[in-house]
Amino acid sequence: MAVTSPVLCAAPQAAGEAGFLSLFDGRSLEGWTVEEGPETAFYVDDASIVVHPSAGYPAWLRSKRQYENFDFRGEFFVKDWTDSGIYLHAPEHGRPMWCGMEIHLFHQVDEKPRPESMGAIFPVVAPSKVNVRNQGEWNDFRILMEWPRLRVWTNGEAIHDLDVESVPELRQRLRKGYLGLQSLSYPIRFRNLRVREMPAGVAWTPLYEGPDDFGKWHVSQGKPGFQAVGSVLYSDGVGHFATNEKFRDFEFQTYVRHAPHHNGGVMFRTEGRGNAGRHYEIQLHDVEGAHYPTGSLYTIRRAAYPRIEAEKWWLFQLRVKDRNCLVRINGETVLEYDQLDNLEEGPIELQAHAASRWTEYKHMQVRRI
């Protein structure tokens, strides 16, 4: 059932907002898509976006475009029990709250702010104060992301001014992603949503976004079956596929989908000859009881088994710097290692290790650090 309020028309934009683009026309959900839930999870009523009570977690509403640095403003309506959130840098696939970040929207006014309070970077960083109008009233918000600085205001008062990279649980989150509105089945309303995009802080190099990028790779060992299938890089067979470029210190990320109990890997600082030369391998093997499951530094350090499912896309992140490597799967750090001996640059190689146990990749990119 929709929440009612005395005034439900869209509020006028404040003066001095040059450069802002509206994200909601007050009539439709054009420019937004429902993720991980039914189409009815969000709807429009009285010039507001409303969460339907039957739409349970993890349903969320995703912006059309991705943003790195931005000024995001809008309003949300709170009456009675409310539990929701605003996603920042949310992934295309995976867990928005852990791959990106969430600003928590809650009805309770806590005297002592906590990481679960209204306005928290949930559930990691408490706001400096809790400022919410919860008696059937509209609240305004402003979220200003200029990585690594994140500032948040509610009802005109600052509640966060944070260096994201100073917080261990946040520093490895996605630096670019979607804006999103979360559903926990409570009929919260949103209106007057607008954004001003700001210059990017880092540049990523695509390794595979489509068939035009297939030429950036070559077979380095064996007879693997790598194919460019639209936006997806498909692999099968047995062998290795290497980048033409070499990398020493870098961040690498991609989305991965695979057959049950697949077997593959992402190799780095290699000689470009697969297993035949020096290399490190991050294992891709979705068997929890395996000696080295997904995320492990093969033969060196076992990873904590991640939250992944076969035949569903998940986010893979690898950071390599000097003697250190870090692996994150679906927003969870599953491996940290600081004793790498091989400090030579080399290609990044993808391993196909079992015929008929396919693995797919998309939105694969890298940046030197």
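Select V164 to begin: at 0% relative accessibility, V164 counts as buried. Buried means under 20% relative accessible area, exposed over 50%, and partly exposed in between, with a 1.4 Å probe and protein chains only. V164 lies in the loop between β11 and β12 (177-182). Helices (H or I, at least four residues) and strands (E, at least two) are DSSP runs, numbered from the N terminus.

What you have open is a predicted model, in which local features need pLDDT of at least 70 and side-chain atom pairs count only at pLDDT 80 or more, while totals for chains, interfaces and linings use all residues. Residues are numbered from 1 along each chain as its sequence is written, and side-chain values use heavy atoms, with hydrogens and water left out.

**Around V164**

Now show the residues that V164 touches: W147, P148, L150, L170 and R171, leaving aside residues up to four places away in sequence. Contact means heavy atoms within 4.5 Å. Add R149, which is 15 residues from V164 in sequence but 6.1 Å from it in space, C-alpha to C-alpha.

Two of these names lead to the next stop. Select W147 and P148: the peptide bond between them is cis, with omega near 10°. P148 sits in the loop between β9 and β10. For another such bond, go to F122 and P123, where the cis peptide has an omega of about -15°. P123 belongs to the loop between β8 (101-106) and β9.

**Strands β9, β10 and β11**

Select β10, residues 149-154. Is this strand largely enclosed or largely open? Five of its six residues are buried, so β10 is largely enclosed by the rest of the structure.

Add β9, residues 135-146. Six bridges join β9 to β10, and the two run antiparallel. Two strands pair if DSSP finds at least two bridges between them. Look for L144, which stands opposite R151 in β10. A hairpin through two residues connects β9 to β10.

Then add β11, residues 157-163. β11 pairs with β10 over six bridges, in the antiparallel sense. Here W153 faces A158, and T154 has E157 as its bridge partner. β10 and β11 form a hairpin with two residues between them, and N155 in the turn has a positive phi of about 50°.

**Two more positive phi values**

Most residues other than glycine have a negative phi, and most peptide bonds are trans. Select D80, which is not a glycine yet has a positive phi of about 65°. D80 lies in the loop between β6 (69-79) and β7 (83-90). At 56% relative accessibility, D80 counts as exposed.

Move on to H261, whose phi is near 60°. H261 is found in the loop between β19 (250-258) and β20. With a relative accessible area of 43%, H261 is partly exposed.

**The five-stranded sheet**

Select β15, β18, β25, β20 and β21. In that order, these five strands form an open sheet with antiparallel pairing. Which strands stand at the edges? They are β15 (217-224) and β21 (280-284), each with a single partner strand, so one side of each is left without a neighbour in the sheet. On average, neighbouring strands of this sheet are turned by 20° against each other, direction ignored. The axes are lines fitted to C-alpha atoms (for helices over the stretch in contact), and angles run from 0 to 180 degrees between N-to-C directions.

Within the sheet, pick out β20, residues 264-268. Five bridges join β20 to β21, and these strands run antiparallel. G264 stands opposite L284 in β21.

**W358**

Keep G264 shown and select W358. The C-alpha atoms of W358 and G264 are separated by 8.8 Å, though the residues are 94 apart along the chain. W358 lies in the loop between β25 (349-353) and β26 (359-368). W358 is buried, with a relative accessible area of 18%. Beyond four places in sequence, W358 touches eight residues by name: Y234, S235, D236, R257, H258, A259, H262 and E311.

**The largest pocket**

Last, select E36, G94, R95, W313 and N330. Of the 20 residues that line the largest pocket, these lie nearest its centre. A pocket is an open set of points on a 1 Å grid over the protein atoms alone, where a 1.4 Å probe fits, with protein on both sides within 12 Å along at least five of seven lines; lining residues have an atom within 4 Å of a point. About 420 Å³ of space lies in this pocket.

Key:
Grid points are joined across faces, edges and corners, and a volume is the space filled by probe spheres set on the points.
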